[in-house]
Amino acid sequence: MIATIELTGTNAVPENSTAVAMGLFDGVHLGHRAVISRAVSLAAEKSGVDSAVFTFETDTVTSKGSGGVECLITKDIKKEILSGLGVKYIYSPDFMNIKDLSAEEFTELVLCGKLSAKYVVCGEDFRFGKNASGNAELLDRLCRKRGIETVVVPPVKGENGERISSTAVRELIKSGRIAEANRMLGCRYFMRLPVAYGNRIGRTIHFPTINQYFPQKQIIPRFGVYAALAEIGGRVYKGVTNIGVKPTVGGVSSPLAETYIMDFSGNLYGENVKLSLVEFIRPEVKFDSVEMLKEQIEKDVKTALDILRDNA
């Protein structure tokens, strides 16, 4: 992983010309990765050219519905993934600061002025400029006048020929089809969230859990139980995660991820733990007693172990 340089909120500009991947990249799925990888490879092929990404902070985008866009990942995770893909520079301004620029202004001020672009890479459906008035064809014309080469990357298809998109990934996650979402993402869907205090009932039935609340605007997977993996101190542990509101024991006003981590003991309160969802096991259920809940957790652990044995 390279040391990615954040240009947002600074007067800094790249030292060299850049090959810029452009898009919201709200999930950094396989379609997004094709665009980003093309920019990274262009930078590697050309002398004096570095890779860069122009994107937006997902939770600031208001053009896709009055409520904005549900975040698949946090901005920190997006930066982490982009760094892992070899991106040297990231410029991700607030959408409100850019949305009223015309296509021409965007090209001049952002691509030329801020990013020193020599190459720009986007998907076929890329839109830019005020009211999303610009498309890939207009981008090519505007860039060509400034000596910038435009590369348009075709859509990436899934195993069944379906187009990979953030909308499709969101629908899969919200319906609990996490294994399918993972295939579109090109990695396991994960979150890195602080561990919060809970009611500590889990430890009384020999299944101590950690609780992690979802940030505002972040997508919440289908309520239910998942086979999961938790990364702690550089080691990966198998786990069972319940996403929901803990209906059997109550006392939860906001949805959260509650995870039993196998073969781990220790205090994680306040720590940021990476939690990856592997496969959906069953819907969330309200049991008539804590004892019935315990019996079901024992079954869920066995199911999760079988799943994780095949998904090491």
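The following paragraphs describe the strand order of the sheet, the packing of one helix on it, and the surroundings of Thr 4 in a predicted model.

In this model, six strands form an open sheet with parallel pairing, and their order is S1-S4-S3-S2-S5-S6. The edges of this sheet are taken by S1 and by strand S6, which spans residues 149-153; because each of these two has a single partner strand, one side of each is left without a neighbour in the sheet. At the S6 edge, strand S5, comprising residues 117-123, runs parallel to S6 and is joined to S6 by five bridges, and within this pairing Tyr 119 has Glu 149 in S6 as its bridge partner. Helix H4, formed by residues 136-144, packs on the sheet, where H4 touches S5 and S6 as well as strand S2 (17-22), and the direction of H4 makes an angle of about 175° with that of S5.

As regards the other edge strand, S1 covers residues 5-6, and Thr 4 lies in the segment before this strand. Thr 4 has a relative accessible area of 14% and is therefore buried, the limit for this class being under 20%. The side chain of Thr 4 takes part in a polar contact of 2.6 Å with the side chain of Ser 83, and the side chain of Thr 4 also reaches the backbone oxygen of Val 87, at 2.8 Å. Both Ser 83 and Val 87 recur among the residues in contact with Thr 4 when its neighbours within four places in sequence are left aside, a list that further includes Lys 79, Lys 88, Tyr 89 and Ile 90.

Notes. Residues numbered from 1 in each chain as written. Predicted model: local features only at pLDDT ≥ 70, side-chain atom pairs only at ≥ 80, totals over all residues. Heavy atoms only, no water. Helix = DSSP H or I, 4+ residues; strand = E, 2+ residues; numbered from the N terminus. Buried < 20%, exposed > 50% of the residue type's maximum accessible area, 1.4 Å probe, protein only. Polar contact = N/O pair within 3.5 Å; in protein donor to acceptor, adjacent residues only side chain to side chain. Contact = heavy atoms within 4.5 Å. Pairing = 2+ DSSP bridges. Axes fitted to C-alpha atoms, helices over the stretch in contact; angles between N-to-C directions.
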